[in-house]
Amino acid sequence: MSLPAPLDRADAVVFDAYGTLLDVHSAVQRHAAAIGPQAQALSETWRQKQLEYSWVLSLCGRYAPFWTLTERALDFALVKHPDVDRGLRSGLLEAYRSLDAYAEVPATLDALRRAGLKTAILSNGDTAMLDAAVNAAGLEGRLDAVLSVDPAGTFKTAPRAYDLAPARFGVARERIVFLSSNRWDIAGAAAYGFAPVWVNRTGQPDEYPDLAPVRVIRSLDGLLA
């Protein structure tokens, strides 16, 4: 199988999980009727604060499991959007453990493995939440590794978080294609030396011009085109 760049120079393809393979907004979508008109705003606040907490802790030299940050972020979102029934908290958290995979994910992973490439997740998520999410999405047999930043004790974009992928596969960092829907994660991967591909699902404007992706695609199946 002839592979397009940058896959033609890769030994492994590593994916961010949340927002890239898994739809982070699907948890709220499952409860949208009960939440009411604030559903989208609640979901966006939840995600924004979850990421913000990871950045602040990393800059402070501190660490907490990503699930803890997910809970704290939801609590903040529920306070910010007081019209939402707080009784939905447990159901929302349970839904977050089993987020929906984007439709093209299974076929894309299968195609990469048929082409002889190793596949993995490298995520801020802690091991327990990643295991639950991967199993719920039916991806467990399609990945050679599921890597949490837990052993690094810090979140992406810290270089030692990215170190986990080349260490796991025993390959040079420039032989790893890294995909994320988060532009900040792509910037970190570019600085680290991966070949980063930005999955710009929602048509966001570009940022970080000095830390550019090698490709921009709208969904994962674009990687093979």
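User: Which residues of H4 are buried in this predicted model?
Analyst: Since the model is predicted, read this as a computed list. In H4 the buried set is Phe66, Trp67, Leu69, Thr70, Ala73, Leu74, Ala77 and Leu78.

User: What do the buried residues of H4 pack against?
Analyst: An α-helix has 3.6 residues a turn, so residues three or four places apart point the same way. For H4, the partners of the buried residues are helices H3 (39–60), H5 (89–96) and H7 (127–136).

User: And what is the end-to-end distance of H4, against what its 15 residues should span?
Analyst: At 1.5 Å a residue, the span should be 21 Å. The end C-alpha atoms of H4 agree with that, as their separation is 21 Å.

User: Which element gives the most to the largest nonpolar core?
Analyst: That core has 55 residues, and the ones with the most contacts inside it are Val13, Tyr18, Trp46, Tyr96 and Leu179. The top contributor gives seven residues, and it is H4.

User: How many residues are in the other core?
Analyst: This other core lies apart from the largest one. Among its members are Ala12, Ala152, Tyr192 and Trp198. Its size is 18 residues.

User: How many aromatic pairs are there, and why does the one between phenylalanine 66 and phenylalanine 155 count as tilted?
Analyst: The count of aromatic pairs is 11. For phenylalanine 66 and phenylalanine 155, the ring centres are 6.0 Å apart and the planes make an angle of 55 degrees. Planes under 30 degrees apart would be stacked and over 60 edge-to-face, so this pair comes out as tilted.

User: How many residues apart in sequence are the parts that this pair ties together?
Analyst: Phenylalanine 66 lies in helix H4 (residues 66–80), while phenylalanine 155 is in the loop between strand S3 (145–148) and helix H8 (159–162). Phenylalanine 66 is buried at 2% relative accessible area, and phenylalanine 155 is buried too, at 0%. The separation in sequence is 89 residues.

User: Which helices hold tyrosine 162 and tyrosine 192?
Analyst: These two tyrosines make a tilted aromatic pair, 5.7 Å centre to centre with 40 degrees between the planes. Tyrosine 162 is buried at 0% relative accessible area, and tyrosine 192 is buried at 8%. Their pair links parts of the chain 30 residues apart, with tyrosine 162 in helix H8 and tyrosine 192 in helix H10.

User: Which residues form the aromatic cluster?
Analyst: We've already met one member, Phe66, as a buried residue of H4. The cluster consists of Tyr18, Trp46, Tyr63, Phe66, Tyr96 and Phe155.

User: How far from the ring centre of tryptophan 67 is the charged end of arginine 97?
Analyst: Tryptophan 67 is on the list of buried H4 residues. The charged end of arginine 97 sits over its ring, and the distance to the centre is 4.0 Å.

User: Which peptide bond is cis?
Analyst: Look at the segment before strand S1 (12–15), where proline 6 lies. Omega there is about 0 degrees, and the cis bond joins alanine 5 and proline 6.

User: Is tyrosine 208, with its positive phi, buried, partly exposed or exposed?
Analyst: Tyrosine 208 isn't a glycine, yet its phi is about 50 degrees. You'll find tyrosine 208 in the loop between strand S5 (195–199) and strand S6 (215–217). Its relative accessibility is 37%, and buried means under 20% while exposed means over 50%, so tyrosine 208 counts as partly exposed.

Notes:
Residues are numbered from 1 along each chain as its sequence is written. This is a predicted model: local features need pLDDT of at least 70, side-chain atom pairs count only at pLDDT 80 or more; totals for chains, interfaces and linings use all residues. Side-chain values use heavy atoms; hydrogens and water are left out. Rings of Phe, Tyr and Trp (its six-membered ring) pair if their centres lie within 6.5 Å; planes under 30 degrees apart count as stacked, over 60 as edge-to-face and the rest as tilted. Helices (H or I, at least four residues) and strands (E, at least two) are DSSP runs, numbered from the N terminus. Buried means under 20% relative accessible area, exposed over 50%, partly exposed in between (1.4 Å probe, protein chains only). A charge sits over a ring if NZ of Lys or CZ of Arg is within 6 Å of the ring centre and within 35 degrees of the ring normal. The expected span of a helix is 1.5 Å times one less than its number of residues. Contact means heavy atoms within 4.5 Å. A nonpolar core is a set of buried Ala, Val, Leu, Ile, Met, Phe, Trp, Tyr and Cys residues joined through side-chain atoms within 4.5 Å.
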